[in-house]
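Biologist: I would like a close look at a single part of this model, followed outwards to whatever it touches and then set against the rest of the chain. Please give the cut-offs for each term as you reach it.

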Amino acid sequence: MKMIVHLWSYLYRNIFRFWLKWILRQLTGKCELQRICDGSMKRAERTLRIEHSLESSKCKALQRAVYSSKDDVEKCVALIIEQKKINTQKDAVFASKLQLSLLQISGCKKLYLAVEELRKQPYNSDNNKHEEQLMELWNLLMPHEKLKARITKQWCDIGFQGDDPKTDFRGMGMLGLTNLLYFSKHYPREARQILSRSNNPKLGYSYAIVGINLTEMAYNLLKNGHLRTHFYNLVPGEPQMKDFHQFYCYLAYEFDKFWFEEKPESIMYFNQYREKFHEKVKKHLLDYDVVLALRNEI
């Protein structure tokens, strides 16, 4: 069966798709990109289809368009219009719609590179900026309790594993801390509420460790392309780092709700429930209209 699927996929990509596009162009007088922009599709669906069309093109210049920088987008649009022989007087909205979609596509790729760079940056206790961010996290989550020392078991009170949080950031680097801090800074009430719930004697979990784990989930969803639909609906242009942080906030808030609704027998089942939550989020992201974000940011 797999062989048949692969064979059909190969034939469609290399033979049938070309002829289907040619027939539709003869019938409609419009190329595939024009038909996508001309339809009633909403932002995410339109941008996803434009992205697929460009990546599937046999023209190298069109393939490279999805990697165009913000400054080069207008040139790419002009090149596509020339390559596809599009009459912009008859199709006045094509250029603007294509330009918007190209900004979103290249912006998502650019965002991944920025997120990856932050993830690769290790936490360094000799870096004053890193230490300040860690102290700020404590002060936001525990405003009425002072740290007795930099290295102390008190860190376990906000869900770190030992007396020095730097060891817990190894997998996600500064991305893990930045996400935890963003949530505490922009949604302080929700962050403290979830921290309090995480100390439940029966259903409790390590707040900070789970937060870093959810950062890994957000990172992989971005890396594997699952977040494109969300960002294409959320941002009319290039998504920024704050948009990624806001998605993490959504995960942190929704995972806590999910955990208490599911009522796991033990924290030992964390990976099982984490994967169940992961699949739930991925299912949401299949919806062309989806936007997964918290409201009322301060």
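Modeller: **One helix and its surroundings**

Helix α3 (residues 43–56) has 14 residues, and its first and last C-alpha atoms lie 20 Å apart, close to the 20 Å expected at 1.5 Å a residue. Helices here are DSSP runs of H or I with at least four residues, strands are runs of E with at least two, and both are numbered from the N terminus; the expected span of a helix is 1.5 Å times one less than its number of residues. The model is a predicted one, in which local features need pLDDT of at least 70 and side-chain atom pairs count only at pLDDT 80 or more, while totals for chains, interfaces and linings use all residues. Residues are numbered from 1 along each chain as its sequence is written, and side-chain values use heavy atoms, with hydrogens and water left out.

Within α3, the buried residues are A44, E45, R46, T47, L48, I50, E51, S53 and L54. Buried means under 20% relative accessible area, exposed means over 50%, and partly exposed lies in between, with a 1.4 Å probe and protein chains only. E55 of the same helix is partly exposed, with a relative accessible area of 39%.

E55 forms a salt bridge with K109, and the closest N and O atoms of the two are 3.8 Å apart. Because E55 lies in helix α3 and K109 in helix α6, this pair ties together parts that are 54 residues apart in sequence. A salt bridge is counted when a side-chain nitrogen of Lys or Arg is within 4 Å of a carboxyl oxygen of Asp or Glu. Side chains of opposite charge can pair when their charged atoms come close. K109 is partly exposed, at 23% relative accessibility. The pair also belongs to a network of salt bridges that links E51, E55, K109 and R228, and E51 is one of the buried residues of α3.

Helix α6 (residues 94–119) also holds Q104, which counts as buried at 1% relative accessibility. If neighbours within four places in sequence are left aside, Q104 is in contact with R43, T47, F231, Y232, V235, P236, G237 and P239, where contact means heavy atoms within 4.5 Å. Of these partners, R43 and T47 fall within the residue range of α3.

For comparison, helix α8 (residues 173–186) has 14 residues that should span 20 Å at 1.5 Å a residue, and its end C-alpha atoms are 21 Å apart, which agrees. In α8, 13 of the 14 residues are buried, so this helix is largely enclosed by the rest of the structure.

By the rule already given, the count of salt bridges comes to 16. One further pair is R150 with D164, whose closest N and O atoms are 3.0 Å apart. Both residues lie in the loop between α7 (128–141) and α8, so the pair ties together parts that are 14 residues apart in sequence. R150 is partly exposed at 21% relative accessibility, whereas D164 is buried at 11%. D256 likewise pairs with R197, with the closest N and O atoms 2.5 Å apart, and here distant parts of the chain are linked, since D256 is in helix α12 and R197 in helix α9 (residues 188–198), 59 residues apart. D256 is buried at 3% relative accessibility, while R197 is partly exposed at 31%.

As for the cysteines, a search of the whole structure finds 0 disulfides, a disulfide being a pair of cysteine sulfur atoms within 2.5 Å. The sulfur of C37 is 8.3 Å from the closest cysteine sulfur, in C31, which is too far for a bond. C37 is buried, with a relative accessible area of 2%, and C31, in the loop between α1 (2–28) and α2 (32–38), is buried too, at 3%.

Seen as a whole, the chain has 13 helices and 0 strands, and buried residues make up 47% of its 298 residues. Among contacts between residues at least 6 apart in sequence, 66% join residues at least 24 apart.
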